[in-house]
Amino acid sequence: MVMIVGIISSALIMTNVTHANASSDTQVSLKKDAKLYDTHKIKKIKTESAKKYFGKESLYEKKSAKVKKTTYKLVQSANGTKSGWMKSSDLYVVKRKITTKSKYTLTPRINDSSDLDSRQLTQLSDSQIKSRIRAKFINFVQGQRKKTDNGSWISSNGLNKVAQERANYVDPTMGEASHYTTRDGKRHRQEAAILDGQRMKIVKNQNDIYESNGYATLDKNYYHIADYVKYFNEMITDDGASGDSHKTQLLGNEGNGLRYYGIGLRVIRTNYTVQVNIVILSADTKYR
């Protein structure tokens, strides 16, 4: 299976955080060529090209360390002769599950939501993946908000439109910068969600929109809808690394409860993986 841990970040008064679930001796591969460092202090560059250094060696993650909010991994060759530290974002987890397919495969119509959740990603359309993740994530947040005095979570047509516009182009791997970068690649002092909302004539001069975004890239033959939802739910259940900033937004422990929300999702497929990007907007104003 292939798994790239999602990066979740949030804007307005919130801080950027990278979630990294390290596991010893996990096989990894290079997402792209990058620098390799001598130690976890990330001061001395061992080589400018990890790809040339490791060659065709099988690589394994041995340790993890966070330096200035960036997660680095100690990567070692299978025979233990080569090693170095790399950014987590330059790696992906490699673990193939080999399955034997029958000669004849019948693909039934998929309509029932519980049936959708049990299906492989290859058997689902983009719209089915997005609708199920959206529904399950909303149900989870609603349940968590019931434990507060901040009221229920209410869908906003305007915020949904802006969130989807953002999801269509935003790159969550940019971290905090993603919240200030518009479709044309320009970075602004104002949050991009507000600028997009103004361009779409949904937002006027309000400045009360909070944004969280993230992604998860998983093996298309191994994972299911619930695995994406599990990662996104960590914005509430395991948000300590960000100082609970995402949790604060989603539960409404800011402003006047942030009762109105909008969610945008994008599905990106490759030969081996399905990546899902999510953008969540929250506000005290019910934008229409």
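Let's start in the middle of a sheet: strand S12 (residues 210-219) and strand S14 pair in the antiparallel sense over ten bridges. Helices and strands here are DSSP runs, numbered from the N terminus, with at least four residues for a helix (H or I) and at least two for a strand (E). Two strands count as paired if DSSP finds at least two bridges between them. What you're looking at is a predicted model, so local features need pLDDT of at least 70 and side-chain atom pairs count only at pLDDT 80 or more, while totals for chains, interfaces and linings use all residues. Residues are numbered from 1 along each chain as its sequence is written, and side-chain values use heavy atoms, with hydrogens and water left out.

**The big picture**

- The protein has seven helices and 14 strands.
- Buried residues make up 49% of its 288 residues. Buried means under 20% relative accessible area, exposed means over 50%, and partly exposed is in between (1.4 Å probe, protein chains only).
- Take the contacts with a separation of 6 or more: residues 24 or more positions apart account for 66% of them. A contact means heavy atoms within 4.5 Å.

**Strand S14 and its neighbours**

- S14 covers residues 273-283, and eleven of its eleven residues are buried.
- In a regular strand the side chains alternate between the two faces of the sheet.
- In S14, Thr273, Gln275, Asn277, Val279, Leu281 and Ala283 point one way. Val274, Val276, Ile278, Ile280 and Ser282 point the other way, and both sets are buried.
- On the S12 side, Thr217 stands opposite Gln275 of S14.
- Strand S13 (residues 260-269) also runs antiparallel to S14, joined to it by ten bridges.
- One spot to look for is Tyr261, whose bridge partner in S14 is Ser282.
- S13 leads into S14 through a hairpin of three residues.

**A loop residue just before S13**

- Asn256 sits in the loop between helix H7 (245-251) and S13.
- Asn256 counts as exposed because its relative accessibility is 68%.
- Asn256 and Gly151 are 105 residues apart along the chain, yet their C-alpha atoms are separated by 9.9 Å.

**How the helices pack**

- Two packed helices are described by the angle between their axes and the distance between the axes.
- The axes are lines fitted to C-alpha atoms, for helices over the stretch in contact, and angles run from 0 to 180 degrees between N-to-C directions.
- Helix H4 (residues 157-167) and helix H5 (residues 192-199) pack at about 115 degrees, with axes 10 Å apart.
- At this contact, Val162, Glu165 and Arg166 of H4 meet Ala192, Ala193, Asp196, Gly197 and Arg199 of H5. The residues of this contact divide into three nonpolar, one polar and four charged. (Ala, Val, Leu, Ile, Met, Phe, Trp, Tyr, Cys and Pro count as nonpolar, Asp, Glu, Lys and Arg as charged, and the others, Gly among them, as polar.)
- H3 (residues 126-145) and helix H6 (residues 225-237) pack at about 35 degrees, with axes 10 Å apart. Among the residues making the contact are Ile133, Phe137 and Phe140 of H3, and Tyr228, Val229 and Phe232 of H6. The H3 and H6 contact divides into eleven nonpolar, three polar and two charged residues.

**Salt bridges**

- Side chains of opposite charge can pair when their charged atoms come close.
- A search of the whole structure finds ten salt bridges. For each one, a side-chain nitrogen of Lys or Arg is within 4 Å of a carboxyl oxygen of Asp or Glu.
- Lys44 pairs with Asp38, with the closest N and O atoms 3.9 Å apart. Lys44 counts as exposed because its relative accessibility is 55%, and Asp38 counts as partly exposed because its value is 33%.
- Asp117 pairs with Arg132, with the closest N and O atoms 2.9 Å apart. Asp117 is in helix H2 (residues 113-118) and Arg132 is in H3, 15 residues apart. Asp117 is buried at 18% relative accessibility, and Arg132 is buried at 15%.
- Arg183 and Glu165 meet in a salt bridge of 3.2 Å, N to O. Arg183 lies in the loop between H4 and H5 and Glu165 in H4, so the pair ties together parts that are 18 residues apart in sequence. Glu165 counts as buried because its relative accessibility is 15%.
- Glu165, Arg183, Asp196 and Arg199 are linked in a network of salt bridges.
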